[in-house]
Amino acid sequence: MAKERGVFKILWNSFISSLKPRYFRRKLMGEDYYGTKYYEEEIRYSNRQRPPRSFEPINKEDFTQELPAEWEAWLRYRRKDPPTREEIEDNYQLAMTKKKNAGELKQKYSQDNECPTLSISGVKTPGNFPVYEDYKNNDKS
């Protein structure tokens with residue numbers, strides 16, 4: 001008899017929690033440098049192994065917004081803990097440094113009007129393939 005009460009209690013509590021709006025059950029885990037907020041829902045009376053994770057973009061009409069790699073890994077359960085503020089700032093600084101260096105390289109090679117190429121001595125282009133008489137196009141039109 002006691003088990004039946006426990007089952008009914010779980011069913012009742014599950015029903016009541018399903019009536020509550022979802023935003024009351026989610027916990028803000030962090031925010032990225034775009035302003036996107038990341039949430040994790042608390043799970044009660046559920047058989048789920050992992051709590052649902054979600055995000056709320058700053059611009060809800062922009063479906064092409066990129067997610068930072070560390071937050072995407074957290075959303076997909078590739079990492080257990082959300083990224084720290086220091087980790088986010090370090091990764092952002094690294095990305096900005098790479099972007100700056102790429103811009104400098106592009107500017108340097110656009111002024112010289114030449115791109116660095118790989119040259120292999122002894123190889124001629126485009127005549128580096130053998131030419132067979134049988135396969136020549138003898139079209140005289």
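Let me start with one residue, Arg76, which is exposed, with a relative accessible area of 51%. The cut-off for calling a residue exposed is over 50%. Before going further, I should say that this is a predicted model.

Arg76 has a partner. It forms a salt bridge with Glu72, and the closest N and O atoms of the two are 3.1 Å apart. Glu72 counts as partly exposed, at 27% relative accessibility.

Right after Arg76 in the numbering comes Tyr77. What is the sign of the phi angle at Tyr77? It is positive, about 65°, although Tyr77 is not a glycine. Most residues other than glycine have a negative phi. Tyr77 lies in the loop between α2 and α3, where α3 covers 85-112. Its relative accessible area is 27%, so Tyr77 is partly exposed.

Now the overall layout. The protein chain has three helices and three strands. Reading from the N terminus, the order of elements is α-β-β-β-α-α. Of the 141 residues in the protein chain, 13% are buried. The chain exposes about 12,700 Å², and carbon and sulfur atoms supply 52% of that area. As for contacts with a separation of 6 or more, 35% of them are between residues 24 or more positions apart.

Next, the strands. Strand β1 is residues 26-31, and it pairs with β2 in the antiparallel sense over five bridges. One residue pair to look at here is Glu31, whose bridge partner in β2 is Lys37. The hairpin of β1 and β2 has five residues between the strands, and within the hairpin Gly35 takes a positive phi near 105°.

β2 also pairs with strand β3, residues 53-56, again in the antiparallel sense, this time over four bridges. Tyr38 has Phe55 as its bridge partner in β3. How many of the five residues of strand β2 are buried? Four are, so to speak of β2, residues 37-41, as mostly covered is fair.

On to the salt bridges. A search of the whole structure finds four of them. The pair of Arg76 and Glu72 was the one I began with.

Another joins the side chains of Glu56 and Arg26, at 3.0 Å from N to O. Glu56 lies in strand β3 and Arg26 in strand β1, so this pair ties together parts that are 30 residues apart in sequence. Both ends fall in the middle class of accessibility. Glu56 is partly exposed, with a relative accessible area of 26%, and Arg26 is partly exposed too, with 25%.

A further salt bridge is formed by Glu40 and Arg53, where the closest N and O atoms are 2.9 Å apart. This pair links distant parts of the chain, with Glu40 in strand β2 and Arg53 in strand β3, 13 residues apart. Are these two residues buried or exposed? Glu40 counts as buried, at 18% relative accessibility. Arg53 is buried as well, with a relative accessible area of 17%. The cut-off for buried is under 20%.

That leaves the nonpolar residues, and I will take the inside before the outside. In soluble globular proteins, nonpolar side chains tend to be buried together. Which residues make up the largest nonpolar core here? There are five: Tyr38, Trp71, Trp74, Leu75 and Ile88. Helix α2, residues 69-75, gives the most to this core, with three residues. Tyr38 has already come up, as the residue with bridge partner Phe55.

On the outside, Trp12, Phe15, Ile16 and Leu19 make a nonpolar surface patch of about 430 Å². Phe15, one of these, sits in helix α1, which is residues 2-19. Phe15 counts as partly exposed because its relative accessibility is 44%.

To recap, the chain runs α-β-β-β-α-α. Strand β2 pairs with β1 over five bridges and with β3 over four. The largest nonpolar core has five residues, and the nonpolar patch around Phe15 covers about 430 Å².

Key:
Residues numbered from 1 in each chain as written. Predicted model: local features only at pLDDT ≥ 70, side-chain atom pairs only at ≥ 80, totals over all residues. Heavy atoms only, no water. Patch = residues over 30% accessible without salt bridge, like charges linked within 9 Å, V, L, I, M, F, W, Y side chains within 5 Å. Areas by Shrake-Rupley, 256 points an atom, 1.4 Å probe, with all protein chains shown as cover. Salt bridge = Lys/Arg side-chain N within 4 Å of Asp/Glu carboxyl O. Helix = DSSP H or I, 4+ residues; strand = E, 2+ residues; numbered from the N terminus. Buried < 20%, exposed > 50% of the residue type's maximum accessible area, 1.4 Å probe, protein only. Core = buried A, V, L, I, M, F, W, Y, C linked by side-chain atoms within 4.5 Å. Pairing = 2+ DSSP bridges. Contact = heavy atoms within 4.5 Å.
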